[in-house]
Amino acid sequence: MLSRTANNLYWMGRYAERIGQLAQYVSAQYLSSSDIPPSLNKRMVLESLLRMAQASDNFQERQLPLTDHEVITFLTIDEQYPYSIRNYVEQLRDNTKAVRSSISLDVWEATNRFYHTTRSFSTDELSKKGPYDFCKHCLDNTSILKGVIDNTLLRNYEWSLIYTGMHLERAMQMIQILLVKLEDIKNVPNEKRNPAINNYHWSTLLRSAGGLDMSRNYYYGTRPTRELVTDFLVLNRKFPKSILYNLEKLRNHVKIISNGKPASPDSVEFKIGKLTAHTQYLTVPEIMEQDDTFLPTLHHELYAVGSELERQYFTF
Amino acid sequence: MNNVPNLTTLFDNYPQNRGFLDEVFDQDGNVRRHYQGIYEHFSRLPLSDFRDLYDYAKKSSFDQGITFNVYSDSSQGVERIFPFDLLPRIISAQEWKALENGLIQRNRALNMFLTDIYNEKKILKDQVVPKELIFSCKNYCKAMMGFKPYGGIYVHISGTDVIRHKDGDFYVLEDNLRCPSGVSYVLSNRMATKRILPKLFFNSQVQPVVNYPEALLDVLKSVSPPGADQPVCVLLTPGVFNSAYYEHSFLALQMGVQLVEPQDLYVDNNFVYMKTMHGPKKVDVVYRRIDDDFIDPLVFRSDSVLGVPGIVHAFREGNVTLANAPGTGVADDKAVYTYVPDIIRYYLSEEPLLKNVHTYRCEKDDDFQYVLEHLQELVVKPVDESGGYGVFIGNRASRQELADFKEVLKSNRRKYIGQPTMALSVHTTYIEDEQQFEPRHIDLRTFALTGHEIEYVCQGGLTRVALRRGNLVVNSSQGGGSKDTWVLQEEENIN
């Protein structure tokens, strides 16, 4: 396969995943703001949302008022902001277009339809209906796209490259929202801390990760705590969005891409293998001990994996 | 039930056009025999159902991404669909057979002509075609001199445009021997008809077009350099921003070959390789959809960022096949066109089966005089352009425009030819703005393939429709639409 095609397939996976994650937490955060305990400021919800999307600086630069309408519009359908969902959908389509001859027509048509329907959402509609409708549209369409990918593509390099992008992106997004939430909690002044607030934060976090209902089921309804959330979002092998789950999948897909070549210590296969093995044998208390360093280090390592993939396979 | 208006009401005000041949209705306004089935089918459709189908057809094109970008001041690239008319154009088996034979004959002769003018130049020495005409042609490619591609085939893919005149005969309007496009519309129009009018299609006996990509791959493989056991064929596209990118990716997918951009290829030691994620892979045949000028900066335009440096030399060394070969543009030059009947007679000792439109060559004094005197009745075209650009239509020009154009002609006589305004046949077409069926002018782009011991003509083609009333220019870049084109099977096969 062409290096250029490999690169486009990988970014198809990354963008499809990023769109789904963004839509998931925009919607979850926004809806959660109505459940907010009275002592918390709604401003916090919007700031937290901007940080999750790594959009705080860009939003400030535009000098827009920090209102729910402005923040939501900015993150979802803003035409000028290059990292809005709308523009990610365009990127997704551009990448898919560039590999049309390597994928099924069904995958292309699903992407193309997604693109056209996304562009038809207007600011008026968004302010009238709120973000739910738009986010649901994006979640549904990324699910359809993933379904079509699964149902029609051969299990070869194309498929593995798309999934390499998806799993890497998902692991990184998961780290990002965990980091933001931990900071939110840290920022609650001591005098205001109470179980209701913690409960709100952990539930919102699980909902933003798209795992609230399944975590309730898994832990028999136990109220979420930091330990429980760490166990579920970092180490759970059954939850498809947990960091460990995605690292293990990532390792398998990269192995397929490497075409059975032995992994030398400077290769990306080696790096991912080491990272995965290390995470596999971590415990929740160990992670809690490395309070401030665990997530940022992992985030950093995954960035390095991305650049290494690019160097090894996507540039010739 | 009887109160529901049906489609016949849309035919009520259908104008009879005396000046042109109507493909659907005869001179007395009766539906022609091979259109009767389809006419009855449409007539029974309730009007609202028809409009639903029409919208469905548009949506289907949109979802498939059969769109092209229109750039304007207010927006950067609005996507438009290439309008597709639900009423197919039908060609009888007998008419088609004659057309097909004519196309094969023409391609055979043109390939022999190209071999000759790049090698022995017998036809020039025998003064059948003037050598000044060939050597002054900007598409004559010096890099091809003294070289015969494998199998003596220069034009593997040709897209000849034909029209039907009011005398009922097909005429060749022009040959397209460089990178003719449009075949993906033939295939997607057929797909749309099958999706939208399944019953009608099921009950009609129509020749398939779906085998075109297979035939194309067979042709490409047949001309791969000898020795390549499992030849690797690729389709070379300028990239996603090219207006025909949809077609490039569609054909690559249908053939199961890699779609490559110039930066994906490189030449090493006169062999062509593509850059894959696991290292270089040798390429044997390149179906290139990049014009000569841009394919190799070492041979053609050195400022081209699109090309693959060294690919033409690799071709001359016999290590890779380019389809079509560089330099085929000299044979679809509109001044050379006028000699095609002579070219056929010269190489094949046969009479041409297809008619040419009579053409006046401005470089010839008599013809030039005629063109100046009759400019108002003529269509004047630059000899080396395509896509309907630069065409001057005499009967639509003002007095001032006529005078101005005469000056343009005088300044570069070699560049222009004149042809009588042909009475392109018309076809019943649904016009959305009028909510009516109206006659519109049509032509037909055919697609023929030539490989090593393979001659193939796509059993159909792209019927292009000039959607503006009275307009004779059918190009998609000039506001045209298209129709599915049905070639009927022989009568005895029907029963």
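This passage walks through the cores, helix contacts and selected residues of a predicted model with chains A and B.

We may begin with the nonpolar interior. The largest nonpolar core holds 93 residues, and the members that touch the most others are Leu75(A), Ile149(A), Leu233(A), Ile243(A) and Leu309(A). The element that gives the most to this core is helix H9 of chain A, residues 157-186, which supplies 15 residues. A second core, separate from this one, has 52 residues, among them Phe113(B), Tyr118(B), Leu236(B) and Leu322(B). Returning to chain A, Ile149(A) makes contacts beyond its sequence neighbours: leaving aside residues up to four places away, its partners are Val107(A), Arg155(A), Trp159(A), Ile162(A), Tyr163(A) and Met166(A).

Helix packing comes next. Two packed helices are described by the angle between their axes and the distance between the axes. In chain A, helix H10 (residues 195-208) and helix H12 (residues 226-235) have axes that come within 10 Å and cross at roughly 10 degrees. H10(A) and H12(A) are therefore roughly parallel to each other, as the angle is under 35 degrees. On the H10(A) side the contact is made by Trp202(A), Leu205(A) and Leu206(A), and on the H12(A) side by Arg226(A), Val229(A), Phe232(A) and Leu233(A). Sorted by class, these residues comprise six nonpolar, no polar and one charged. Leu233(A) has already appeared above, as one of the residues that touch the most other members of the largest nonpolar core.

Chain B offers a helix pair with another arrangement. The axes of helix H14 (residues 365-373) and helix H15 (residues 399-411) of chain B come within 11 Å, with a crossing angle of roughly 165 degrees. Because this angle is over 145 degrees, H14(B) and H15(B) count as roughly antiparallel to each other. Their crossing is right-handed. H14(B) contributes Phe368(B), Val371(B) and Leu372(B) to the contact, while H15(B) contributes Lys406(B), Leu409(B) and Lys410(B). Here the division is four nonpolar, no polar and two charged residues.

Helix H10 of chain B deserves a look of its own. This helix is mostly covered, with nine of its 11 residues buried. The buried residues are Tyr245(B), Tyr246(B), Glu247(B), His248(B), Ser249(B), Phe250(B), Leu251(B), Ala252(B) and Met255(B). Glu247(B), which lies in this helix of residues 245-255, has a relative accessibility of 4% and so counts as buried, the limit being under 20%. Its contacts, not counting residues up to four places away in sequence, are Pro180(B), Ser181(B), Gly182(B), Val183(B), Ser184(B), Tyr185(B) and Arg289(B). For one of these partners, Ser181(B), the separation from Glu247(B) is 66 residues in sequence and 7.6 Å in space, C-alpha to C-alpha. Just after H10(B), Gly256(B) adopts a positive phi of about 70 degrees.

Two further charged residues of chain B can be set beside Glu247(B). Asp296(B) sits in the loop between helix H11 (292-295) and helix H12 (311-316). With 0% relative accessibility, Asp296(B) counts as buried. Setting aside residues up to four places away in sequence, Asp296(B) touches Gly307(B), Val308(B), Pro309(B), Gly310(B), Ile311(B), Val312(B) and His313(B). Asp296(B) and Pro309(B) are 13 residues apart in sequence, and their C-alpha atoms are 5.0 Å apart. Arg345(B), by contrast, is partly exposed, with a relative accessible area of 34%. Arg345(B) belongs to helix H13 of chain B, residues 340-348. Its contacts, again not counting residues up to four places away, are Glu350(B), Glu351(B) and Pro352(B). The C-alpha atoms of Arg345(B) and Ala109(B) are separated by 8.6 Å, although the two residues are 236 apart along the chain.

Finally, a few points of backbone geometry may be useful when browsing the model. In chain B, the peptide bond joining Ala323(B) and Asn324(B) is cis, with omega about -10 degrees. Asn324(B) is in the loop between strand S13 (321-323) and H13. In chain A, Gln54(A) has a positive phi of about 50 degrees although it is not a glycine; this residue lies in the loop between helix H2 (42-52) and helix H3 (56-61). Asn259(A), also a residue other than glycine, has a positive phi near 60 degrees. Asn259(A) is located in the loop between helix H13 (243-257) and helix H14 (268-280) of chain A.

How values were computed:
Residues numbered from 1 in each chain as written. Chains lettered and ligands numbered in written order. Predicted model: local features only at pLDDT ≥ 70, side-chain atom pairs only at ≥ 80, totals over all residues. Heavy atoms only, no water. Core = buried A, V, L, I, M, F, W, Y, C linked by side-chain atoms within 4.5 Å. Buried < 20%, exposed > 50% of the residue type's maximum accessible area, 1.4 Å probe, protein only. Helix = DSSP H or I, 4+ residues; strand = E, 2+ residues; numbered from the N terminus. Contact = heavy atoms within 4.5 Å. Axes fitted to C-alpha atoms, helices over the stretch in contact; angles between N-to-C directions. Parallel < 35°, antiparallel > 145°, perpendicular 65-115°, else oblique. Left-handed = near helix turned anticlockwise from the far one by under 90°. Nonpolar A, V, L, I, M, F, W, Y, C, P; charged D, E, K, R; others polar.
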